[in-house]
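Here are some exercises to work through with the structure open beside you. Try each task yourself before you read the solution.

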Amino acid sequence: MSQGNNSSCSSSNIPRTARDKFFKDIQYQKEKKRWSAECLLCEKPKRVFDNIGVTSNFTRHVREHHKEAFDIWLHELKELKGTSAKNQTNKITKHFQKIPTTQGSTYNTNHPRQAELSMAIVNDLIIKLGLPLSIVERPAFINFMKTVDPKFSMISRRTLSRTTIPSLYEKMQDQLKTFCSTAAFLSLAVDIWSDRRLRSFFAVTGHAIIDGAFKSYVLGFVPLWGSHSGFLLLQKYQEMINICGIKDKIIRLVTDNGSNNINAFKDLVIPGFEQYFTEDDNDDSNDEDSGVNLNDGTVSDEYEYEYPPNICSTTTNDFTTAELTQEDLVKDSFRSLLENNEVFRIPCFAHTIQLIVKDGLKETQSILSSLEKVSTIAKLSHKNTKFAEKLEMMKISIPRAVITRWNSQFLTVESILAIPTLELNEILIELKHSNLCLNVRDLAVLNEFVALLSLLAEVTTTTQRDNSPSISLVAPSILAIYFDLKNENNNIQHTTTLCNALISSLLSRFGGLLEQLEIDVNETGIEFKKKNQFYDLYKDPVFLFTPFLDGMFKLNWITESFLPDAAKERICARIKKLIFDNGVIIEYTKEASVPVDVEPVQEEQVHGAESSSPSALKRKRLFSNIHNDQKYSKKTKSIDSNNYIKEEISRYLNDRNNDNMILLKPTASNSYNTLAKLATKYLCIPTTTATVERVFSQSGFLCRAHRARMSRKTLQQLTLLKCNCET
């Protein structure tokens, strides 16, 4: 027991481990990777074994068999640590005059400051900035956090992945359910994507208008296993909408009809620009584009719905017939609107436009030499220092083209044409690149090329804007593009084949929409083949009446178009009928407050239809032909006070406010109660799957090359948290 009396010796000689204090004769067995020692306190010789470098068995032996000596030793160690802490001074702490610690050296887990810093690391660094979870294990970061607050105790990676992030994920799911329950109507956009390890995910974004503001969230980012059959995708889709409780709220479902835009359009390069991208693969490389899309068309097949015959009808009910009762009116409106079954798929508008451009660019052989010149000039401006300096002196910048964005290449052509030709040619000659000088034919060809594609490029960008209506842009855009191409076809000399290809592709995909506008798709004499996956879906009446709910358009996009006057009157009457029917349904289903004595709608005379058609179409801006301050005739038959929907329609048409958000403002319900509800319901429909593509970009950034080992579950959680976090 003499060993136990060592407590009286100097504290500096107190052993720090139970092995050194209570054991002797340490022996190593390297082949078995263990060591052993003989206990000093046991009456009979006793050897204790443990793995090399581990002393837990030695400590356990003394604690269980010699508790009194063990407790005395622990007390001595505590006194030693207390004395050392008082005698030692932290130079960094003293230099920066940190607040001295009071109780304990670190915060406990429930301390507000500990929780604040831990959540800042998770939310700001790991989720928003996309830093790896392993950052909490990096010595440099740990030292940094000690500088921030010496009492902060670093959260472990295990806690992050198993507790903190799953907890935030659950809270976010609750917030998404709140969003879904608050929204009266939602539209969805869906697509499939796979990461760099070819692990597939099914993404769904939800879009709604709440209190006049556009809201968009990622509702699901679900891992997929096995074959991506239509049955599997439909099953995942139904599971998601059932969890969110939105089955009866969905208005439209937007899908990318083909493959992912990046994958499908990797070859959509303006002819002549191939050399621009040679040996420049790293110039615009981005981890966000690293994903591979696995959508092989099965999604669109599963979500394609058949329209009953009456949805595509262009006939307009005669409202000048006998007075309708409430029951008759509601039944008639329900029949007109598919008995209120409004869950339909619509194609991605941007994807469809890109397919049209792709078809057109196949017919550019006659202008290829001019496009190659432009491509080389653009590349020279990014490679030749002297050329770049001269352009900078002229305050001119040629934008860098991106291989996955055809409209960026188009903007490059436009920017070069904007440079004064004489000055550009002088610079090229000075730099000994006279072969790139643009001649008269080049300028004519390139100007025609820009004229044909300018509206297509503009609409590609415009329809992907956020926080404003986009579904209302589709029909006015297609009508403007159709008449623009038709007019250009009569004026061009060098790009006829390109123009014909664009018109043919436009008709093959948007012919169904043009038919709803009473346009004879065969009037141009250009042959085309119907693309049924687009043609019929664009007959959806939602494209026809949503511009009415957009204060920018109302009926002006019809009355100021090049349609025949008689067709204008019929289309305007049909649009008002669709608005009225939808208004009756939304009031009946939501409030059951449709007046009993609603009278038939009186068709109003639409002024502007008699205006003479100009001989040439003004260009080059979408909707430049629309006069938003146009006055509508107030000469209508007397309207019964109960016909509040008709009054709203008439009052709205005479309102000179052309703000596209007029019906979504908080004050709109005072003047346009029913129309405001319709705008909330239908203007939330996105025209593209751009929101889903952004989700894939964020997920691709999170799972970049040096983080490819990330699990599906972690990637799913981080993607949803990053995309849905409030910035």
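**Exercise 1. Find out how E5 and E6 pair, and place them in their sheet.**

Step 1. Begin with the pair itself: E5 and E6 run antiparallel and are joined by 11 bridges. One example to look for is Ser200, whose bridge partner in E6 is Leu224. Keep in mind as you look that this is a predicted model.

Step 2. Now widen the view. The two strands belong to an open sheet of five strands, ordered E6-E5-E4-E7-E8, with mixed pairing. At the edges are strand E6 (213-224) and strand E8 (344-347), each of which pairs on one side only. From one strand to the next, the twist averages 25°.

Step 3. Finally, look for a helix on these strands. Helix H29 (residues 712-724) lies across E5 and E6, and it runs at about 175° to E6.

**Exercise 2. Work out what surrounds strand E4: is E4 largely enclosed or open?**

Step 1. Take the neighbours in turn. With E5, E4 pairs in the antiparallel sense over eight bridges; here Leu188 has Gly206 of E5 as its bridge partner. With strand E7 (residues 250-255), E4 pairs in the parallel sense over four bridges, and Leu186 stands opposite Ile250 in E7.

Step 2. Next, check the two faces. On one side are Leu186, Leu188, Val190, Ile192 and Ser194, and on the other Ser187, Ala189, Asp191 and Trp193; all of them are buried, so both faces of E4 are covered.

Step 3. Draw the conclusion. Because nine of the nine residues of E4 are buried, the strand is largely enclosed by the rest of the structure.

**Exercise 3. Find two residues with a backbone angle that deserves a second look.**

Step 1. Recall the background: most residues other than glycine have a negative phi.

Step 2. Go to the loop between strand E4 (186-194) and strand E5 (200-210), where Leu198 lies. Leu198 is not a glycine, yet its phi is positive, about 60°. The hairpin of E4 and E5 that holds Leu198 has five residues between the strands.

Step 3. Then move to the loop between helix H15 (385-393) and helix H16 (406-417), the place of Lys395. Lys395 also is not a glycine, and its phi is positive at about 60°.

Step 4. Are these residues buried or exposed? Exposed means over 50% relative accessible area. Leu198 has 56%, so it counts as exposed. Lys395 has 79%, so it counts as exposed too.

**Exercise 4. Describe how helices H5 and H6 pack together.**

Step 1. Two packed helices are described by the angle between their axes and the distance between the axes. For helix H5 (residues 112-128) and helix H6 (residues 139-148), the angle is about 135° and the axes are 13 Å apart.

Step 2. Put the angle into a class. Angles over 145 degrees would count as roughly antiparallel and those from 65 to 115 as roughly perpendicular. H5 and H6 are therefore oblique to each other.

Step 3. Add the handedness: the crossing of H5 and H6 is right-handed.

Step 4. List the residues that touch. H5 contributes Arg113, Leu117, Ile121 and Leu125, while H6 contributes Phe141, Met145 and Val148. Sorted by class, the contact of H5 with H6 has six nonpolar, no polar and one charged residues.

Methods:
Residues are numbered from 1 along each chain as its sequence is written. This is a predicted model: local features need pLDDT of at least 70, side-chain atom pairs count only at pLDDT 80 or more; totals for chains, interfaces and linings use all residues. Side-chain values use heavy atoms; hydrogens and water are left out. Buried means under 20% relative accessible area, exposed over 50%, partly exposed in between (1.4 Å probe, protein chains only). Two strands pair if DSSP finds at least two bridges between them. Axes are lines fitted to C-alpha atoms, for helices over the stretch in contact, and angles run from 0 to 180 degrees between N-to-C directions. Contact means heavy atoms within 4.5 Å. Angles under 35 degrees count as roughly parallel, over 145 as roughly antiparallel, 65 to 115 as roughly perpendicular and the rest as oblique. A crossing is left-handed if the near helix is turned anticlockwise from the far one by less than a right angle, and right-handed if clockwise. Ala, Val, Leu, Ile, Met, Phe, Trp, Tyr, Cys and Pro count as nonpolar, Asp, Glu, Lys and Arg as charged, and the others, Gly among them, as polar.
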